[in-house]
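Reader: Hi, can you walk me through this structure? I'm new to this, so keep it short.

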Amino acid sequence: MKVELEKLEKLAYGKREAFNSLRTNLSFCGADIQVITFTSCTPDEGKSSVVMELGRAIAEDGRKVLIVDADLRKSVLVGRHRAKSKKGSIKGLSHYLSGQAKLSDVLCETNVQNLDIIFAGHTTPNPTELLGNRYFEELIAYGRANYDTVLIDSPPLGSVIDTAIIAPKCDGVVLVVEANKCSYRFVQDIKKQLEITGCKILGVVLNKVKMEKGGYYNRYYRGSYKGYYSGYYKPYYGDESKKS
């Protein structure tokens, strides 16, 4: 199915470079890192936006990308980007996982070259059970065989356990954290939950950092950017007692 994303953000220079940097950092995590899931501590930290813009950055680099919206409880991608199809309603992941549609029915080719998306579909009362069935594993296998990179937008781990079901099937996980929203201790608790899944933690995206006019990063980005910045850093693995 072909889908038109009618609303795509035109990124300012600084924001575009931030996602290019994230793309580069992920590429240095290893050639075996192909399927990556993104989660957050709480809702509304900008996780879905990070996934979309990173997907665009990778696609612009000439690699085939599949974005899977696995947030079956609170999906925003269809509405936010005004996704429309000439064939009518867009079926999504929930339709596929519940056996109501084939994989070919939910794969959407977008107007962004090299970027395909599987939207979440209708909300469902049992997302955890659906994400744990064999259909999801078959979807991951298909993604590995047909795409260079698969990005999975999964629900906040601090709210529901769905990401704990998804993460073991992936090669790595990235945690999206909004600046000044969650406490250090809460982020560490989420990190420990991710470690229990056995999935490799690739790093953290620090999102929605307010950049003041004339600040260091403004100068670095040629003074052309004012707004929010998505940064990237590796998580801390040392002695937690030494951290204040």
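Author: Here is a quick tour of the chain, one topic at a time. Keep in mind that this is a predicted model.

Reader: OK. How many helices and strands does the chain have?

Author: Ten helices and ten strands.

Reader: And what share of the residues is buried?

Author: The chain has 244 residues, and 52% are buried.

Reader: What about contacts between residues far apart in sequence?

Author: Take the contacts with a separation of 6 or more. Residues 24 or more positions apart account for 80% of them.

Reader: Let's pick a helix. How long is H2?

Author: H2 has 14 residues. From first C-alpha to last, H2 reaches 20 Å. That is close to the 20 Å expected at 1.5 Å a residue.

Reader: Is H2 enclosed or open, and why?

Author: H2 is largely enclosed by the rest of the structure, because twelve of its 14 residues are buried. Among them are Val-50, Leu-54 and Ile-58. Charged ones are on the buried list too, including Lys-47, Glu-53 and Arg-56.

Reader: What comes just after H2?

Author: Gly-62 is there, with a positive phi of about 90°.

Reader: How do H1 and H2 sit against each other?

Author: H1 covers residues 13-27 and H2 covers residues 47-60. Their axes come within 9 Å and cross at roughly 75°. Angles of 65 to 115 degrees count as roughly perpendicular, so H1 and H2 are roughly perpendicular to each other.

Reader: Which residues make that contact?

Author: From H1, they are Phe-19, Asn-20, Leu-22, Arg-23 and Leu-26. From H2, they are Val-50, Glu-53, Leu-54, Ala-57 and Ile-58. By type, the contact of H1 with H2 has seven nonpolar residues, one polar and two charged.

Reader: Why would residues a few places apart share a side of a helix?

Author: An α-helix has 3.6 residues a turn, so residues three or four places apart point the same way.

Reader: New topic. How many disulfides are there?

Author: Zero.

Reader: Why not Cys-41?

Author: The closest cysteine sulfur to that of Cys-41 is in Cys-182, 4.4 Å away. That is too far for a bond, because a disulfide needs the sulfurs within 2.5 Å.

Reader: And Cys-199?

Author: Cys-170 has the closest cysteine sulfur, but at 5.8 Å it is too far for a bond.

Reader: Are those two, Cys-41 and Cys-199, buried or exposed?

Author: Cys-41 is buried, at 0% relative accessibility. Cys-199 is buried as well, at 6%.

Reader: Switching again. Where does Tyr-147 lie?

Author: Tyr-147 is in the loop between helix H7 and strand E7. With 6% relative accessibility, Tyr-147 counts as buried.

Reader: What does Tyr-147 touch, leaving aside its neighbours within four places in sequence?

Author: Gln-34, Lys-64, Val-65, Leu-66, Leu-107, Asp-116 and Tyr-142. Leu-66 is 81 residues from Tyr-147 in sequence, yet their C-alpha atoms are 6.5 Å apart in space.

Reader: Last one. Which residues other than glycine have a positive phi?

Author: Asn-114 is one of them, with phi near 75°. It is found in the loop between strands E5 and E6, and is partly exposed at 27% relative accessibility.

Reader: What about Lys-208?

Author: Lys-208 has a phi near 60°, also a positive value. Its place is in strand E9. Lys-208 is partly exposed, with a relative accessible area of 32%.

Key
Residues are numbered from 1 along each chain as its sequence is written. This is a predicted model: local features need pLDDT of at least 70, side-chain atom pairs count only at pLDDT 80 or more; totals for chains, interfaces and linings use all residues. Side-chain values use heavy atoms; hydrogens and water are left out. Buried means under 20% relative accessible area, exposed over 50%, partly exposed in between (1.4 Å probe, protein chains only). Axes are lines fitted to C-alpha atoms, for helices over the stretch in contact, and angles run from 0 to 180 degrees between N-to-C directions. Helices (H or I, at least four residues) and strands (E, at least two) are DSSP runs, numbered from the N terminus. Angles under 35 degrees count as roughly parallel, over 145 as roughly antiparallel, 65 to 115 as roughly perpendicular and the rest as oblique. Contact means heavy atoms within 4.5 Å. The expected span of a helix is 1.5 Å times one less than its number of residues.
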